[in-house]
Amino acid sequence: MAEILGENHILEQEFLYFSRVLSGQCHELANALNIARELCGLHEDTLPRAREGHADAVEKLGSLAHRMQTQIDRSNAIVRTLSRFAHTAEGTRLACDVREILERALFFAARQVRLRQAELQAVMPAGDVQQVECNPFLLQQAIHAGIELLLEGIGQSRRITAALKPDTAGAVVTLASADAFECNDAAPGLLAEITAMVQAAGGEVRETPECSGRLEFFIPCCRRGATAANSELGIPKGTGGGCDVS
Amino acid sequence: MSADRVLLIDDEMEYVEVLAERLRARGLEVEVAFSGMEGVKKSQVTKFDAVVLDFAMPGMDGIHALKALLAGTPELQVILLTGQATIKTAMDATRLGAVEILEKPTDITTLMEKIHEARTRYGARAAERVRRQLQETT
């Protein structure tokens, strides 16, 4: 019974994460579309003067087209990222591009960070990072939960850093607040949940200094088996939520 | 008659700037604020006929901003313009004193009408307050 309850809790948390991502990104998409709509309105407002040959109005039409393009690109980025994310909910451990998983998790967390008046800085390695073997959905969820935990304890710095470092045996994702704080005081029980998520994803929380405001997730590199598993699942390269088959 | 003076409060800078430009082109005097706090501060130094307020914003959200705006000027006509209009939001905002709840995207003509109606109401309420004060003193 306890196992069933535990499993239900995990499923509930996964569903909640999925819903939050969807709701936040729908809002972001709506914002972009609303801006595009107003820009179209401004275009209509400007058109009569441009037709009369006023140089400033003609110039403005050009600038409006550029601004509309920006919002279209923003919308496309949201749709593309959501689509890739949807493919990660298959609950399988795969050979994955950890950089892409982290970037996607940060993309989704950005709205929440902004609403909490904080700043999220990503530090990515310049070179390649070898593929890791993990459940990409759970890893994204753990990264998101880690950021939530740091937001709970964040102090005056209002700054969170997310870093990816290659490791001989895999990759390390570090989430750190510029302010030191006691994780369990900031969000009781969340650290234990994050630890369980990272383990279920196929990694481990390497370092959990309770009062440092810092989390470190280790994700092991891809074994041949995971790559083969991707092929068996029929996941072509470049799909499967950013999990490429090498 | 002077132009309607309106304050737009929204953290989506591009949205606010474009909307402000469209309203100005229609003869309104428009000021913008990119946070609830900035909006509240602006409303304390300038008299606006209407405030158009977003709901989801960093820091002071729409509901808190609405409370703060009306605490300073109870007759202020606040129109909530939101992409997150739910029945609960609408009920909360109306209970707190918002005069209109509009869902994004809103047609510019509708928004103009609501702002103009707000100005008329503002004038009537302010006159009513003065009349009551005069009655109390005589």
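A residue counts as buried here if 20 or more other C-beta atoms lie within 10 Å of its own. With that cut-off in hand, let us walk through this predicted model, starting in chain B with helix α5. The buried residues of α5(B) are B:L111, B:I115, B:A118, B:R119 and B:Y122. An α-helix has 3.6 residues a turn, so residues three or four places apart point the same way. The buried residues of α5(B) find their packing partners in four strands of chain B: β1 (5-9), β3 (50-53), β4 (78-82) and β5 (100-103). The length of this helix can be checked too. Helix α5 of chain B covers residues 108-137, and at 1.5 Å a residue its 30 residues should span 44 Å; the end C-alpha atoms are 44 Å apart, which agrees.

Those strands lead us to the sheet itself. Strands of a sheet pair through backbone hydrogen bonds, either parallel or antiparallel. In chain B, five strands form an open sheet with parallel pairing, in the order β2-β1-β3-β4-β5. At its edges are β2 (29-33) and β5 of chain B, each of which pairs on one side only. On average, neighbouring strands of this sheet are turned by 20° against each other, with direction ignored.

For a closer look at one pair, take β1(B) and β2(B), which run parallel and are joined by five bridges. Here B:I9 stands opposite B:A33 in β2(B). Helix α1 of chain B, residues 13-25, lies across β1 and β2 of chain B and runs at about 170° to β2(B). Helix α2 of chain B, residues 36-45, also packs on the sheet: this helix touches β1, β2 and β3 of chain B, and its direction makes about 160° with that of β1(B).

One backbone detail in chain B deserves a stop. Most residues other than glycine have a negative phi, and most peptide bonds are trans. The peptide bond from B:K104 to B:P105, however, is cis, with omega near -5°. You will find B:P105 in the loop between β5 and α5 of chain B, so to speak on the way to the helix where this tour began.

Now for chain A, which is divided into domain 1 (2-87) and domain 2 (92-232). Taken over C-alpha atoms, the centres of domain 1 and domain 2 of chain A are separated by 26 Å. Nine residues from domain 1 of chain A and seven residues from domain 2 of chain A take part in the contact. On the domain 1 side that touches domain 2 of chain A, α1 (2-51) and α2 (55-87) of chain A each supply at least two residues. The largest share of that side, six residues, comes from α1(A). Sorted by class, the domain 1 side has three nonpolar, three polar and three charged residues.

The helices of domain 1 offer another length check. At 1.5 Å a residue, the 33 residues of α2(A) should span 48 Å; the end C-alpha atoms of α2(A) are 49 Å apart, which agrees. In this helix A:Q71, A:I78 and A:F85 are buried. In helix α1 of chain A we meet A:Q13, which is partly exposed because 16 other C-beta atoms lie within 10 Å. A:Q13 and A:C221 are 208 residues apart in sequence and, from C-alpha to C-alpha, 26 Å apart in space.

Chain A has backbone details of its own. A:Q117 is not a glycine, yet has a positive phi of about 55°. This residue is found in the loop between α3 (98-115) and β2 (119-123) of chain A, and A:Q117 counts as partly exposed because of its 14 C-beta neighbours inside 10 Å. A:R158 is not a glycine either, and has a positive phi of about 55°. Its place is the loop between α4 (136-153) and β4 (159-167) of chain A. With 15 other C-beta atoms within 10 Å, A:R158 is partly exposed.

Finally, where do the chains meet? In total, 16 residues of chain B are in contact with 14 residues of chain A. On the chain B side, α1(B) gives the most, with seven residues. By class, the side of chain B that touches chain A has eight nonpolar, three polar and five charged residues. Helix α1 of chain B thus appears twice on our tour: lying across β1 and β2 of chain B, and contributing to the side that touches chain A.

Note on methods
Residues are numbered from 1 along each chain as its sequence is written. Chains are lettered from A and ligands numbered from 1 in the order in which they are written. This is a predicted model: local features need pLDDT of at least 70, side-chain atom pairs count only at pLDDT 80 or more; totals for chains, interfaces and linings use all residues. The expected span of a helix is 1.5 Å times one less than its number of residues. A residue is buried if 20 or more other C-beta atoms lie within 10 Å of its own, exposed if 12 or fewer, and partly exposed in between; C-beta atoms are placed from the backbone. Two residues are in contact if their C-beta atoms, placed from the backbone, lie within 7 Å. Domain bounds come from an automatic or database domain assignment. Ala, Val, Leu, Ile, Met, Phe, Trp, Tyr, Cys and Pro count as nonpolar, Asp, Glu, Lys and Arg as charged, and the others, Gly among them, as polar. Two strands pair if DSSP finds at least two bridges between them. Axes are lines fitted to C-alpha atoms, for helices over the stretch in contact, and angles run from 0 to 180 degrees between N-to-C directions.
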